[in-house]
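Colleague: I'm new to this structure and would love a close look at a single part of it. Could you take me through how its helices pack together, and what lies around that packing?

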Amino acid sequence: LHTLREVNSGTFQLQNMGYNAKYVHGMGVSLVAMGSLNIVLGIGADVGFGVMGAYTIFHYLSAPIWCGIFVVITGILGICSGKNPTSRGLMVAFLVMGIFNILFTITLLSLASIGAPIDGNNCFGDDVCTAAAVALHVVNAVLALAETVMGFVGAVMSCCGLASPTIDDKAPLVGTQGPHGQAVFVIMPSGVQYTTGAGDGGQQVFIAQTPHHMQGYYGAVDPPTETIPPETKTKPPA
């Protein structure tokens, strides 16, 4: 199933109901932000504890850095897919990276949960080192949990989008007003020429110059209570 999304005044775009482009785009932005924060915290921990000479072995694994890189890549694909919701190639890429995102962030969550108490004890009584080691692991664990959930949601949305029937996203979309005041949108297949005319009841209709199958989509909240005769949508040439 697909819905209509107004991208500009009078310009509409078919949107996959199982793949909400707005949510995917927002999710991508969030993943890029959180993944970047992971990378910054990982680099800061490596440099800071290295200068202090602390034996914080779990921080030295640099899990936030290499996990954050995958999260950022997943987020970039989410942003691109949100801007091009009809691209199945981007859906597949977002799905694959979403699965990798889940695996890597679960690993980061596990390492941060285990490393917090161990690295805190390896500071040998240095309160500043202990507090910093534990705090950084906790922040990375919280970020990893959120990233895992987003990766799962993104993967599910990608599956729903790929399971939906394909449409001709290059077909012109034209609209008019139906007999009951609702908006009627008609997808004109690529290559079909058409003109406009007056149908029964005075509403505007679109007349294909060559016989071709066309589909109509109702974009209003209140659909008509009676069946619109086929001739109000298409009319053979005189």
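Modeller: Happy to! In this predicted model, let's start with helix H3, residues 63–83, and helix H4, residues 88–121, which pack with their axes 9 Å apart at an angle of about 155 degrees. An angle over 145 degrees counts as roughly antiparallel, so H3 is roughly antiparallel to H4. Their crossing is left-handed.

If you'd like to find the contact on screen, look on the H3 side for residues including Trp66, Cys67, Phe70, Val71, Ile73 and Leu77. On the H4 side, the residues they meet include Leu90, Met91, Phe94, Met97, Phe104, Leu108 and Leu111. Polar residues take part as well, among them Thr74 and Ser81 in H3 and Asn101 and Thr105 in H4. By class, this contact of H3 with H4 holds 17 nonpolar residues, seven polar ones and no charged ones.

Now turn to another pair. Helix H1, residues 21–52, packs with helix H5, residues 127–163, again at about 155 degrees, and here the axes are 10 Å apart. That angle makes H1 roughly antiparallel to H5, and the crossing of H1 and H5 is left-handed. The contact of H1 with H5 has 20 nonpolar, five polar and one charged residues.

These helices also come together in the nonpolar cores. The largest core has 20 residues, of which Tyr19, Phe49 and Phe94 touch the most other members. H1, H3, H4 and H5 are the elements that give two or more residues to this core, and H1 supplies the largest share, with seven residues. Apart from this core lies another, of five residues, including Cys67, Phe104, Leu108 and Ala144. You have met some of those names already: Cys67 in H3, and Phe104 and Leu108 in H4, are in the contact between those two helices.

Phe49 deserves a pause of its own. Leaving aside neighbours within four places in sequence, Phe49 is in contact with Ala54, Thr56, His59, Tyr60, Cys129, Ala132, Ala133 and Leu136. Follow that list to His59, which is found in helix H2, residues 57–60. The relative accessible area of His59 is 5%, and under 20% counts as buried, so His59 is buried. Not counting residues up to four places away in sequence, His59 touches Ala45, Asp46, Phe49, Asp119, Ala133, Leu136 and His137. Ala133 and Leu136 therefore appear beside both residues: they are contacts of Phe49 and also of His59.

Note on methods:
Residues are numbered from 1 along each chain as its sequence is written. This is a predicted model: local features need pLDDT of at least 70, side-chain atom pairs count only at pLDDT 80 or more; totals for chains, interfaces and linings use all residues. Side-chain values use heavy atoms; hydrogens and water are left out. Axes are lines fitted to C-alpha atoms, for helices over the stretch in contact, and angles run from 0 to 180 degrees between N-to-C directions. Helices (H or I, at least four residues) and strands (E, at least two) are DSSP runs, numbered from the N terminus. Angles under 35 degrees count as roughly parallel, over 145 as roughly antiparallel, 65 to 115 as roughly perpendicular and the rest as oblique. A crossing is left-handed if the near helix is turned anticlockwise from the far one by less than a right angle, and right-handed if clockwise. Contact means heavy atoms within 4.5 Å. Ala, Val, Leu, Ile, Met, Phe, Trp, Tyr, Cys and Pro count as nonpolar, Asp, Glu, Lys and Arg as charged, and the others, Gly among them, as polar. Buried means under 20% relative accessible area, exposed over 50%, partly exposed in between (1.4 Å probe, protein chains only). A nonpolar core is a set of buried Ala, Val, Leu, Ile, Met, Phe, Trp, Tyr and Cys residues joined through side-chain atoms within 4.5 Å.
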